Amino acid sequence: MHLKNRNSLPETLIIATIIGCLSVFPILDFGISSGLLLILTVSLYISFWHGRLAGLITIATSVLIYTLGRLYFYHMNSSFISLFNVLSLGALLIYMGGALRTLRENRLNKIMIRYRKASNKNTRLTGISRAQQEIIKELEERVTRQKSSLNLLYERIKEIDCLETNMSISKLLETLIHFTDAETLSIWVFDPSTNKLRLRMRKGVDQNDINREILDLQDTIEGWVFRNNQLFSMRMTLDYDNLKILNTQESIICCPVVLDNKIWGVINIDSLPFIKYSEYTENLIQIIISLAQPALNKALEFENLLMGEEQHETTGLPQFTQLYRILDKNRYDESGTYNSSSLILLEFHEFAELSNEYGNEKILKLQAELLKELADLNSNSPELFHYRQDAMMALFIPHLDYDGCSLYCLKCLEFINSKKWKLGGHSISIDMSLGYSSSGTNEKVDPDELIKRAEYLLEIQKI
């Protein structure tokens, strides 16, 4: 009964007026029955097209104009019974016309509903079809890679089998990148001195991980994997709230590395294409790590052998030869660019006097203890070494430029001057000098030059 179109009411009134006038004018008047028949016909059509309300307005307006027109022009009065019959018949015809209109609209609505359902179903099937095509394509690529990659995997494992630990680890990470398309991954090893995980090597660039060098065993996914010797996968966060809380860095897959039945470290994949995330990838990572473990174990045993031969018998710290090897090894990163790193030399001025009074062993251990406390002042994981003489020690700090090294040396001097030590019941203060040098991407400094610059700063302090 409602006029849904705003233009329906004016249009209806105009049509009703025209029909009423046509029924009144003598030149078009074919009698009372002809005029009323015209009104009934048009009202029926209007009700079918615009609805019952429009039809009622049309017949009421047309009959009113018809009656007034005949009375005005012809002084003829239409009988009440005649008008009542016309209006009653018109109302019936209008109701039937509105019913036909409703039936037509219902049929159109059903057709539109079927069309929408078919369109939505077609869209959904199209999306499913595209996803299936991507999955089929990925599966086909996997089958193809399996046929052609066995030889490549064998060659990669042979490259991992070398006596250079960093080279073995680098080749292992490169192999994982090749077979999984991982964008960023890293390997973390356990450091007994701090009871934490220390970054050993990273491949790829992840801005969130640039400042992460040491991880706690309790508050990180890598620590959870290390403690439980269990693979972690992102889907596990859906079932375990504790893992969801730990996974603040959004690790995708984290796998333990076991050497000689002991957890040595973990490999963490931080970034991976969505299409590559599957149980197949998880199994592939575990297989590659298992194949690489014997070679990696052999490289670590050789490294430990060298370290054992070149450690100080009293303090257990590496000797000068190890320092030189570390300086040479850390000159470049994996891309061949010079690394930013710093070398700090420390010389104890009263070493001979204190050794004569308290014994050489106690003073060496005191030096090593002081060096470890100085290393704790820096978050870049400094490495500790003995230098050429017993009275000299060294710190190698990766990823620290010249300005950062200068500030760190000032902090070390402040700590040394404020620290008091107890030996033989006496309180002593340590007098020492610091010499430092740095290399970075803007300046290519070889190990010999790095050592010469640090020694030069030590010598000029004696003048």
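## A guided tour from the β8–β9 hairpin to the six-stranded sheet

Begin by selecting strand β8, residues 383-386, together with β9: the two pair in the antiparallel sense over four bridges. The model on screen is a predicted one. Five residues separate β8 from β9 in the hairpin that they form. To fix the register, display Leu-384 and its bridge partner in β9, Leu-395.

**The largest nonpolar core**

Keep Leu-395 displayed and add Ile-344, Leu-346, Leu-370, Met-432 and Leu-434; these six are the residues with the most contacts inside the largest nonpolar core, which has 33 residues. Now colour the elements that give two or more residues to this core: β7 (341-348), α10 (351-358), α11 (360-375), β9 (392-398), α12 (402-418), β10 (421-423) and β12 (432-439). Which element supplies the largest share of this core? It is α11, with eight residues.

Centre next on Met-432. Beyond the residues up to four places away in sequence, Met-432 touches Leu-346, Glu-347, Phe-348, His-349, Leu-370 and Ile-416. Apart from this core lies another, of 31 residues; select Leu-173, Leu-185, Ile-267 and Ile-289, which are among them. In soluble globular proteins, nonpolar side chains tend to be buried together.

**The six-stranded sheet**

Leu-185 leads to the next stop. Show β1 (residues 184-191) and β2 (residues 196-203), which pair in the antiparallel sense over seven bridges. Leu-185 stands opposite Lys-203 in β2. Extending the selection reveals an open sheet of six strands in the order β3-β2-β1-β6-β5-β4, with antiparallel pairing. Its edge strands, each pairing on one side only, are β3 (214-215) and β4 (232-233).

Add the helices that lie across these strands. Helix α5 (residues 165-180) lies across β1, β2 and β6 (262-271) and runs at about 65° to β2. Helix α6 (residues 221-228) lies across β1, β2, β3, β4, β5 (253-259) and β6, at about 150° to β6.

**Two buried polar residues**

Select Thr-180, which is found in helix α5. Is Thr-180 buried or exposed? Its relative accessible area is 1%, so Thr-180 is buried. A polar atom of the Thr-180 side chain lies 2.5 Å from the backbone oxygen of Leu-176. Setting aside neighbours within four places in sequence, the contacts of Thr-180 are Leu-272, Lys-276, Thr-281, Leu-284 and Ile-285.

Move to Glu-222 in helix α6. Glu-222 counts as buried because its relative accessibility is 1%, under the 20% cut-off. Which side chain makes a polar contact with that of Glu-222? The partner is the side chain of Asn-268, at 3.2 Å. With neighbours within four places in sequence again left aside, Glu-222 is in contact with Trp-188, Leu-197, Arg-212, Leu-215, Ser-251, Cys-254, Val-266 and Asn-268. A C-alpha to C-alpha distance drawn from Glu-222 to Ile-267 reads 8.1 Å, although the two are 45 residues apart in sequence.

**A helix pair to finish**

Finally, select helix α9 (residues 320-329) and helix α13 (residues 447-460), which pack at an angle of about 120° with their axes 9 Å apart. That angle is why α9 is described as oblique to α13. To see the contact, show Phe-320, Tyr-324, Leu-327 and Asp-328 of α9 against Pro-447, Asp-448, Leu-450 and Ile-451 of α13.

Methods
Residues are numbered from 1 along each chain as its sequence is written. This is a predicted model: local features need pLDDT of at least 70, side-chain atom pairs count only at pLDDT 80 or more; totals for chains, interfaces and linings use all residues. Side-chain values use heavy atoms; hydrogens and water are left out. Two strands pair if DSSP finds at least two bridges between them. Contact means heavy atoms within 4.5 Å. Axes are lines fitted to C-alpha atoms, for helices over the stretch in contact, and angles run from 0 to 180 degrees between N-to-C directions. Buried means under 20% relative accessible area, exposed over 50%, partly exposed in between (1.4 Å probe, protein chains only). A polar contact is a pair of N or O atoms within 3.5 Å; within protein, one must be able to donate a hydrogen and the other to accept it, and residues adjacent in sequence count only if both atoms are side-chain atoms. A nonpolar core is a set of buried Ala, Val, Leu, Ile, Met, Phe, Trp, Tyr and Cys residues joined through side-chain atoms within 4.5 Å. Angles under 35 degrees count as roughly parallel, over 145 as roughly antiparallel, 65 to 115 as roughly perpendicular and the rest as oblique.
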